[in-house]
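Reader: Please walk me through this one, and I'll ask things as I look.

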Amino acid sequence: MNQRPRGPVLTGAHYLDGDHACAEGAIAAGCRFIAGYPITPSTEVAERLAERFPRIGGTFIQMEDELASIAAVLGAAWGGARAMTVTSGPGFSLMMENIGLGVMTETPCVVVNVQRGGPSTGLPTLTGQQDMMQARWGSHGDYEIIALSPSSPQECFDLTVTCFNLSEKYRVPVMFMMDECVGHMTEKVVIPEADTIDVWPRRWYRGPRDKYLPYAPDKDGVPPMIRAGDDHRVHITGLTHDARGYPIINAECQQICVSRLTDKIRDNADDLVMVKEEQLRGADVVVVAYGISARVATKAITDARKKGIKVGFLRLITVWPFPEKKIRDLAGKVGCLVMPEINLGQMYREVERAAAGKCRTMLVPHCGGWVHDPEDILKAIIEGAK
Amino acid sequence: MNPNQLLGKRGTADAHPMEDFLRMDRMPHIWCSTCGLGTCLTAFIAAAQESAIPREDIVVVSGIGCTGRAAGYLKYDSFHTTHGRAIPYATGLKVANPRLKVCIISGDGDLVSIGGNHLIHAARRNMDLTVICVNNFNYAMTGGQAAPTTPQTAIATTTPYGAFERPFNIPFLVDSCGATYVARWTALHVRQLTIAIKEALLHRGFSFIEVISPCPTVYARRNRLGTGLDLMKFYHDHSITKNFASTRECDIKFQQDIVVGKFVQREEPTYLDAMDAQMKKTLGAKFVPYVGPMDPNSERTKSDART
């Protein structure tokens with residue numbers, strides 16, 4: 001049998017849980033550096049990479065805490081590595097300050113959050129979707145972030161690659177907002193041939209060495225990047241800075257610096273928004289959901305359709321930037337938007353805001369610890385169809 | 001003063017001999033007159049040159065505070081990070097790109113208080129980093145609050161009736177955690193400090209230098225210790241050089257003798273050495289050493305995934 005030598009990418013069909021699929025996605029995306037700290041229910045991602053990396057030329061470091069993990073990831077990214085860290089609620093909270101540094105210094109990296117129930121230590125082993133707003137607003141200051149949410153182990157693989165690609169394209173930390181159910185759900189995951197996986201390169205600077213300005217943006221608002229140690233003598237700071245990267249502490253520079261950080265995401269929202277639409281045309285009610293809640297909602301949607309209700313389904317893959325236009329368009333066409341999520345109404349606020357009173361909106365809340373009973377979602381659909 | 005006025009021609013009397021290594025377009029700096037930080041930068045640049053380490057390999061990482069601004073004035077690849085996180089940031093740089101000589105220049109509050117956990121773990125790992133910890137006994141940038149290094153009885157804005165907590169003996173702390181090079185000098189000991197920084201840069205493993213530095217504007221003024229010059233005189237009269245002294249005996253008490261010297265220099269496997277050795281032992285031929293960072297000069301895209 002003619003077998004090709006096995007590379008790092010585990011091409012083929014596998015039976016994997018979401019955490020392991022995410023780890024394989026990172027490998028497929030060219031990630032060769034991970035810093036992490038143990039925390040349930042995300043640890044399996046780090047464990048798998050700790051085992052896989054020494055066999056494929058990657059490096060894993062277990063840091064002393066999550067503050068250190070994210071700091072090491074930012075340092076590694078400037079050292080030229082494609083870098084990732086993995087955590088869950090309490091660790092995510094600890095990472096917030098340096099996620100802000102990552103935004104301010106435009107450092108490409110991926111932060112995986114396998115969400116559990118909170119607040120505080122909450123439900124370490126049970127599911128939640130309660131860090132959705134924290135992903136968007138958790139670090140201080142005004143900024144924009146990119147966050148994706150997977151609904152299956154297959155998506156844990158596919159979207160991890162996408163997270164890396166987007167982080168490189170937009171030079172921003174990308175949040176991968178998994179949840180405990182998706183992380184621990186085991187399903188078939190098909191990993192394609194390595195050379196068919198679309199991996200985007202870093203935006204390397206290619207001009208003369210001494211002409212490099214770290215924060216002079218390209219046309220799309222994103223500046224090219226260099227690697228420490230290549231004699232560009234750059235200065236990178238979390239202070240408000242000019243195109244040279246030098247701290248300038250005044251309102252004018254703040255205006256230029258912060259506007260660009262937000263505009264590079266806002267202006268490209270159409271490129272970033274990924275949703276899955278199903279039977280939206282002519283629908284009276286549309287269920288809007290993401291992550292594991294989207295899986296649970298499918299049962300309620302099927303049951304509602306059996307009852308003759310015209311139900312559409314909008315599954316959010318990109319959660320930040322929020323798919324605002326999609327919701328606004330829908331709100332003008334349908335009677336009611338129903339949103340189940342495993343929190344007390346985080347992304348629902350965005351749905352409500354974007355719908356702006358043009359249709360009814362209904363939240364199906366859940367405090368966490370378990371997924372929704374599809375019956376509860378069905379009731380909301382029936383109520384929404386009235 | 002217009003910063004351009006400082007830009008003299010090299011080789012002439014009005015040119016600073018180290019201006020090639022400083023970001024002259026950022027002058028004037030924010031540090032106070034007779035602060036010890038200028039001396040530290042001078043010693044660092046001299047040591048870096050003498051070490052003959054290629055300039056592009058040297059990366060400087062700072063945290064937050066007066067010393068935290070060092071990275072912004074040195075003309076190397078330099079990173080001004082968040083408060084306390086210079087060491088883990090530097091760890092990421094080093095592990096991702098082991099060719100780099102990563103130096104941390106930061107203050108006592110940044111490294112020993114808010115960043116204390118990272119300091120002890122980097123020492124424990126014998127991570128191949130050079131740490132220059134400038135100790136001015138207080139948080140100077142925020143106006144002179146007490147630090148975990150403030151000597152007992154000293155006045156700070158948050159200890160208006162005198163500090164009463166026991167301060168850290170930093171050389172003892174890092175020594176006991178596994179640092180393989182430990183020294184302490186004052187801002188007066190320019191030659192010894194330069195030699196120490198050079199040795200630290202050339203040392204394989206976690207090297208740590210504490211630099212006792214005058215803070216004339218807040219710490220000295222509040223404690224009526226005189227000017228920066230008076231503090232230099234104090235260092236002259238009260239520094240006791242004891243190479244390889246037991247770090248346990250290097251406590252600093254308010255306005256008493258300061259033990260200085262090179263305390264520790266030993267060879268131990270670094271983090272990266274130990275990792276490679278263990279992986280080789282366990283995995284044998286299956287071990288694939290770290291591939292290194294991505295290369296800007298090769299158009300690896302899809303192939304990134306296959307290397």
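Author: One term before we start: helices (H or I, at least four residues) and strands (E, at least two) are DSSP runs, numbered from the N terminus. Keep in mind, too, that this is a predicted model.

Reader: OK, let's try that on a loop. B:R224 has a positive phi although it is not a glycine, so what is its value?

Author: B:R224 sits in the loop between α8 (216-222) and α9 (228-238) of chain B. Most residues other than glycine have a negative phi. B:R224 goes the other way, with a phi of about 50 degrees.

Reader: And is B:R224 buried or exposed?

Author: Count the C-beta neighbours: B:R224 has 7 of them inside 10 Å. A residue with 12 or fewer falls in one class. That is why B:R224 counts as exposed.

Reader: Chain A has a positive phi at A:D231. How does A:D231 count in terms of exposure?

Author: A:D231 has a phi of about 70 degrees and is not a glycine. Its place is in the loop between β9 (186-191) and β10 of chain A. Buried takes 20 or more neighbours and exposed takes 12 or fewer. With 16 C-beta neighbours inside 10 Å, A:D231 counts as partly exposed.

Reader: Moving to chain B, how many residues of strand β4 (residues 130-135) are buried?

Author: Look at both faces of β4(B). On one side B:T130, B:I132 and B:V134 are buried, and on the other side so are B:V131, B:C133 and B:N135. That makes the strand mostly covered, and the number of buried residues is six of six.

Reader: Which residue of chain B is the bridge partner of B:V134 in β8(B)?

Author: Start with the strands that β4(B) is joined to. Five bridges join it to β3 (residues 101-107) of chain B, running parallel, and there B:C103 stands opposite B:T130. Six bridges join β4(B) to β8 (residues 207-212), also running parallel. In β8(B), the partner of B:V134 is B:V211.

Reader: B:E199 and B:T130 are 69 residues apart in sequence, so how far apart are they in space?

Author: B:E199 belongs to helix α7 (residues 190-202) of chain B, while B:T130 is one of the buried residues of β4(B). B:E199 itself is partly exposed, with 18 other C-beta atoms within 10 Å. From C-alpha to C-alpha, B:E199 and B:T130 are apart by 9.8 Å.

Reader: What arc do the buried residues of α5(B) cover around the axis?

Author: The buried residues of helix α5 (residues 116-125) of chain B are B:H118, B:L119, B:A122, B:A123 and B:R125. They are on the same side of α5(B), because the arc they cover is only 165 degrees.

Reader: Which helix of chain A do the buried residues of α5(B) pack against?

Author: Within chain B, they pack against α3 (86-96), α4 (108-114), α6 (170-177) and α10 (271-283). Across in chain A, the helix they pack against is α3.

Reader: Which element gives the most to the side of chain A that touches chain B?

Author: The contact takes 59 residues from chain A and 47 from chain B. On the chain A side, the elements that each supply at least two residues include α2 (43-56), α3 and β10 (235-237). With nine residues, the one that gives the most is α3(A).

Reader: Which residue of chain B does A:I236 stand opposite?

Author: Here strands of the two chains are joined: three bridges link β10(A) to β2 (residues 77-80) of chain B, and they run parallel. In β2(B), the residue opposite A:I236 is B:F79.

Reader: Which are the edge strands of the open sheet in chain A?

Author: The order of its five strands is β11-β13-β12-β15-β16, with mixed pairing. Five bridges join β15 (residues 336-340) to β16(A), running parallel, and A:M339 stands opposite A:L363 there. The edge strands each pair on one side only, and they are β11 (275-278) and β16 (360-364).

Reader: Last one: what is the omega of the cis peptide bond from A:W320 to A:P321?

Author: A:P321 is in the loop between β14 (318-320) and α11 (324-331) of chain A. Most peptide bonds are trans. The bond from A:W320 to A:P321 is cis, and its omega is near -5 degrees.

Definitions and conventions:
Residues numbered from 1 in each chain as written. Chains lettered and ligands numbered in written order. Predicted model: local features only at pLDDT ≥ 70, side-chain atom pairs only at ≥ 80, totals over all residues. Pairing = 2+ DSSP bridges. Arc of directions from axis to C-beta. Contact = placed C-beta atoms within 7 Å.
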